[in-house]
Amino acid sequence: MEAMCCTSCRYGMEEPRGSVFARDRGHGWGTCRRQAPAVVVIQSPERTAFSQTAFPRMREDDWCGDYEAV
């Protein structure tokens, strides 16, 4: 039986290797495309807080109750 995790879900999408997020977090991160993007506030010690719209971030081995096999 296949594991019911984000990498095998139809809504999970791995970040392209050259993307800024992939460079910051490393391999194995992606986004969930189940819902429309939401406004998020990003804060870090290096920058002033700002907001943007984004899909939720997930690890390839994460899971949720909305799983649908590819």
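**Exercise 1.** Is Cys-5 buried or exposed? Then find out why the cysteines named below form no disulfide.

*Solution.* The model is predicted.
Step 1. The relative accessible area of Cys-5 is 17%. The cut-off for buried is under 20%, so Cys-5 is buried.
Step 2. A disulfide needs two cysteine sulfur atoms within 2.5 Å. For Cys-5, the closest cysteine sulfur is that of Cys-6, at 6.8 Å, which is too far for a bond.
Step 3. For Cys-32, the closest cysteine sulfur belongs to Cys-64; the distance is 5.8 Å, again too far.
Step 4. The count of disulfides is zero.

**Exercise 2.** Describe the secondary structure of the chain, and state what share of its residues is buried.

*Solution.*
Step 1. The chain has one helix and five strands.
Step 2. Read from the N terminus, their order is β-α-β-β-β-β.
Step 3. The chain has 70 residues, and 21% of them count as buried.
Step 4. The accessible surface is about 5,400 Å², with 53% of it belonging to carbon and sulfur atoms.

**Exercise 3.** Work out the surroundings of Thr-31.

*Solution.*
Step 1. Thr-31 is placed in strand β2, which covers residues 29-32.
Step 2. With a relative accessible area of 3%, Thr-31 is buried.
Step 3. Leaving aside residues up to four places away in sequence, Thr-31 touches several residues, including Tyr-11, Met-13, Phe-55 and Met-58.
Step 4. The side chain of Thr-31 also has a polar contact of 3.0 Å with the side chain of Arg-33.

**Exercise 4.** How many salt bridges are there, and which parts of the chain do the pairs of Glu-68 and Arg-34 link?

*Solution.*
Step 1. There are three salt bridges.
Step 2. Glu-68 pairs with Arg-10, with 3.3 Å between the closest N and O atoms. Glu-68 lies in the segment after β5 and Arg-10 in the segment before β1, so this pair ties together parts 58 residues apart in sequence. Glu-68 is partly exposed, at 32% relative accessibility.
Step 3. Arg-34 and Asp-66 form a salt bridge at 3.9 Å, N to O. Arg-34 is in the loop between β2 and β3, while Asp-66 is in the segment after β5; they are 32 residues apart. Both are partly exposed: Arg-34 at 34% and Asp-66 at 37%.
Step 4. Arg-59 pairs with Asp-61, the closest N and O atoms being 3.9 Å apart. Here Arg-59 is partly exposed, at 27%, whereas Asp-61 is exposed, at 52%.

Notes. Residues numbered from 1 in each chain as written. Predicted model: local features only at pLDDT ≥ 70, side-chain atom pairs only at ≥ 80, totals over all residues. Heavy atoms only, no water. Buried < 20%, exposed > 50% of the residue type's maximum accessible area, 1.4 Å probe, protein only. Helix = DSSP H or I, 4+ residues; strand = E, 2+ residues; numbered from the N terminus. Areas by Shrake-Rupley, 256 points an atom, 1.4 Å probe, with all protein chains shown as cover. Polar contact = N/O pair within 3.5 Å; in protein donor to acceptor, adjacent residues only side chain to side chain. Contact = heavy atoms within 4.5 Å. Salt bridge = Lys/Arg side-chain N within 4 Å of Asp/Glu carboxyl O.
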